[in-house]
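Take a look at the model below. Where is empty space left inside a protein, and what surrounds it?

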Amino acid sequence: MTLNLFDEPAPAYLQPMAIAPGAAILRGYALPVADALMQGVEAVLAAAPLRHLVTPGGQTMSVAMSNCGALGWVSDRRGYRYLAVDPLSNQPWPPMPNEFLALATRAAAEAGFADFMPNACLINRYEPGARMGLHQDRDEGGKEENFSAPIVSVSLGLPAEFLFGGLQRKDKTTRWLLLHGDVVVWGGPSRLAFHGVAPMKAGEHAVLGARRINLTFRWAGLDD
């Protein structure tokens, strides 16, 4: 039997790989626009430089962070929250580049979440040894506790071991190696799943060098 040209399997990056109910990895989905994404990253960071935030408990995060979009996620001794201005400059966060928004909405739709319209994008830089402990993304729901919008996470640069668990911290986690251009989308029954990143191993990426850039797109509820 021969396949008609239009019956051939779609490229791998168009086939979401389910990792939990409502959660999937889109392998290589961001590769066609990776260069444009990095140009956007550099433009954002020129206006809102990376910084190592402090947790409410007083620990300095190993991951350096910044934001773009209408809202930016911040952390200090007063807690986790979203702000419309960068605390370092007291100016609005840089606007979200068009390439960012286009990729995030396409990836969400590919994973089954149509009409996703993020208003916040966290930019995280991982260097060897940096990690992100298991946590839930709960700060986006606002007073209404609305978690209907998914999370879209884009990996660029060095590989990372992504940990994905359940709705309780004690639930078993699965481990997924994320490569340059991979996108993870989770929502629905997995929207509040605990997740994190294992300590990043040393290495050298051909384009980004000894670092990993992660873009995390969210819709943060507005209470004010």
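This report covers a pocket, a cavity and two residues.

## The model and the idea

The model is predicted. Keep that in mind as you read.

How do we look for empty space? Rolling a probe the size of a water molecule over the atoms shows where it is left.

## The largest pocket

Start with the volume. The largest pocket holds about 590 Å³. Its lining is made of 33 residues. Five of them lie nearest the centre: Met61, Trp73, Met132, Gly133 and His135.

Which strands help to build the lining? Strands β8 (120–126), β9 (132–135), β14 and β15 each give at least two residues to it. The classes of residue are mixed. The lining has 13 nonpolar residues, 13 polar residues and seven charged residues.

## The cavity

How many cavities of 30 Å³ or more are there? The count is one. The space in the largest cavity is about 40 Å³.

Which residues line the largest cavity? One stretch of names is Asn146, Phe147, Ser148, Ala149, Pro150 and Ile151. Glu140, Arg191, Arg218 and Trp219 complete the list. By class, this lining splits into five nonpolar, two polar and three charged residues.

## His195

Find His195 in strand β14, which covers residues 195–197. Is His195 buried or exposed? His195 counts as buried because its relative accessibility is 5%, and the cut-off for buried is under 20%.

Now look at its side chain. The side chains of His195 and Asp137 are joined by a polar contact of 3.3 Å. Beyond residues up to four places away in sequence, His195 touches Gly133, Leu134, His135, Gln136 and Asp137. The other residues it touches on that basis are Phe162, Leu163, Phe164 and Trp186. Gly133 and His135 also appear among the residues nearest the centre of the largest pocket.

## Leu215

Move on to strand β15, residues 212–218, where Leu215 lies. Leu215 has 0% relative accessibility, so it counts as buried.

What does Leu215 contact, leaving aside neighbours within four places in sequence? Its contacts include Leu37, Val41 and Phe100. Cys121, Leu122 and Ile123 are on the list too. So are Val152, Ser153 and Val154.

How far apart are Leu215 and Trp186? In sequence they are 29 residues apart. In space the separation is 14 Å, C-alpha to C-alpha. Trp186 was named above as a residue that His195 touches.

Notes: Residues numbered from 1 in each chain as written. Predicted model: local features only at pLDDT ≥ 70, side-chain atom pairs only at ≥ 80, totals over all residues. Heavy atoms only, no water. 1 Å grid on protein atoms, 1.4 Å probe; cavity = no way out; pocket = protein on both sides within 12 Å on 5 of 7 lines; lining within 4 Å. Points joined across faces, edges and corners; volume = space filled by probe spheres on them. Nonpolar A, V, L, I, M, F, W, Y, C, P; charged D, E, K, R; others polar. Helix = DSSP H or I, 4+ residues; strand = E, 2+ residues; numbered from the N terminus. Buried < 20%, exposed > 50% of the residue type's maximum accessible area, 1.4 Å probe, protein only. Contact = heavy atoms within 4.5 Å. Polar contact = N/O pair within 3.5 Å; in protein donor to acceptor, adjacent residues only side chain to side chain.
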